[in-house]
Amino acid sequence: MEKEEISVEKTTEPKKDVVKEEQNDTEKFALPKGPTIAGTAVITLLAGSIIFGYLGYYITKNFISPRPVYITEQCVECEECKECEETECTVKEEKECKCPNSQITLFNEGWMKHISSDVKLNLETPSYSDKQELLGEKVLYTWDARISKIEDSGNLDFKNYVKTISAYYFPVSLPQGFGCGAGCAKENVINIHVFKNGSNLTLEKARDQLLSNVDPETGKITGEIKNKWGERTYEYLWEGVGGQLQGNLVVKNGNIYQATYYLAGEGESLNIAKKVLDSIRFN
């Protein structure tokens, strides 16, 4: 994959809550030429999931190698329409917006909030880390958040793909010779694929399209419409050869959000992963 250049806005350290926001694609920041240890670990583990086919085709669609979300405290500028006299045109005045409450209020005290303002999505991750034994070695696990874009988006469930926001609890490095399918390292992975809702699908029609994409010979989906994150959502379980994957569909803001998550952690790790999932908001 060809390396992308991304820019970073100058950041400041807030006194209290820290906010992450996706940055403008027009600015540029050169990514490191060589892979980092953490990057190598992520790629190795994800590649293992694909090579061994633990969850088959569906898991390879939803588990991807991500890129960073950068930190900024700035709220996005917006436009306020001002109606003029009938003989004059409509004028738009720019003014500084106040951040929505969901962007300035933390659900989990001391965590970091990540904001992707262009698709109106935010979530939180903790500073929590722990060590777990892999092949006789104690390996450090940490939480991180990323933005990525799938190159072969034609295999996804909806058209007009925009990006994927991910939060995951992964090992910083892997012991030499370690390789297996998804979940064997007790990792927690949350991906949110974002699509422009160009066909103005309702939640029910988005659900029907998702179901129509399932090959009954390789898997099945069961689910129901319920409330989650303060939204109407189709919550489902995909089951296939070798495993299963949970997911939710939300239709809002002119977008279709497809959240998929695979939580293989145990004890405190799993409880924290559920809190990360619950912190997602679409506004």
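Which residue's side chain does the side chain of Asn253 join through a polar contact of 3.1 Å? The partner is Tyr257. The notes below concern a predicted model, and they start from this residue.

1. Surroundings of Asn253. Asn253 is placed in the loop that runs between β13 (243-252) and β14. Its relative accessible area is 29%, so Asn253 is partly exposed; the buried class would require under 20%. Leaving aside residues up to four places away in sequence, Asn253 touches Lys120, Phe282 and Asn283. The C-alpha atom of Asn253 is also separated by 9.0 Å from that of Lys196, although these two residues are 57 residues apart along the chain.

2. The β5–β6 hairpin. Lys120, one of the residues touched by Asn253, belongs to the hairpin of β5 and β6, where it takes a positive phi near 55°. Four residues lie between the two strands of this hairpin. The strands are antiparallel and pair over five bridges, with Ser116 opposite Leu121 in β6. Strand β5 covers residues 112-116, and four of its five residues are buried.

3. Phe282 and Trp229. Phe282, another residue touched by Asn253, is buried at a relative accessible area of 1%. The ring of Phe282 pairs with that of Trp229: the centres are 5.5 Å apart and the planes stand at 65°, so the arrangement is edge-to-face. Trp229 sits in the loop between β11 (219-228) and β12 (231-240), while Phe282 is in the segment after α5, so the pair ties together parts that are 53 residues apart in sequence. Trp229 also counts as buried, because its relative accessibility is 7%. In addition, the charged end of Lys228 sits over the ring of Trp229, at 5.3 Å from the ring centre.

4. Other aromatic pairs. Nine aromatic pairs are found in a search of the whole structure. Ring pairs also link Tyr128, Tyr141, Trp143 and Tyr169 into a cluster.

5. The nonpolar cores. Which residues have the most contacts inside the largest nonpolar core? They are Trp143 and Ile280, in a core of 32 residues. At least two residues of this core come from each of β6 (121-125), β8 (137-148), β9 (161-171), β10 (188-196), β14 (255-263) and α5 (268-278). A second core, separate from this one, has 20 residues, among them Tyr161, Tyr234, Leu245 and Tyr262.

6. Contacts of Ile280. With residues up to four places away in sequence not counted, Ile280 touches Leu121, Asn122, Leu123, Ile190, Ile192 and Trp229. Two of these names recur elsewhere in this note: Leu121 stands opposite Ser116 in the β5–β6 pairing, and Trp229 is the ring partner of Phe282.

7. Strand β10. Is β10 mostly covered or mostly open? Eight of its nine residues are buried, so-called mostly covered. Strand β10 runs antiparallel to β9, joined to it by eight bridges, and Tyr168 is the residue opposite Val189 in β10. Strand β10 is also joined to β14, again antiparallel, by nine bridges. In that second pairing Ile192 stands opposite Ala259 in β14; Ile192 is also one of the residues touched by Ile280.

Note on methods: Residues numbered from 1 in each chain as written. Predicted model: local features only at pLDDT ≥ 70, side-chain atom pairs only at ≥ 80, totals over all residues. Heavy atoms only, no water. Core = buried A, V, L, I, M, F, W, Y, C linked by side-chain atoms within 4.5 Å. Buried < 20%, exposed > 50% of the residue type's maximum accessible area, 1.4 Å probe, protein only. Contact = heavy atoms within 4.5 Å. Pairing = 2+ DSSP bridges. Polar contact = N/O pair within 3.5 Å; in protein donor to acceptor, adjacent residues only side chain to side chain. Phe/Tyr/Trp six-rings, centres within 6.5 Å; stacked < 30°, edge-to-face > 60°. Lys NZ or Arg CZ within 6 Å of the ring centre and 35° of its normal.
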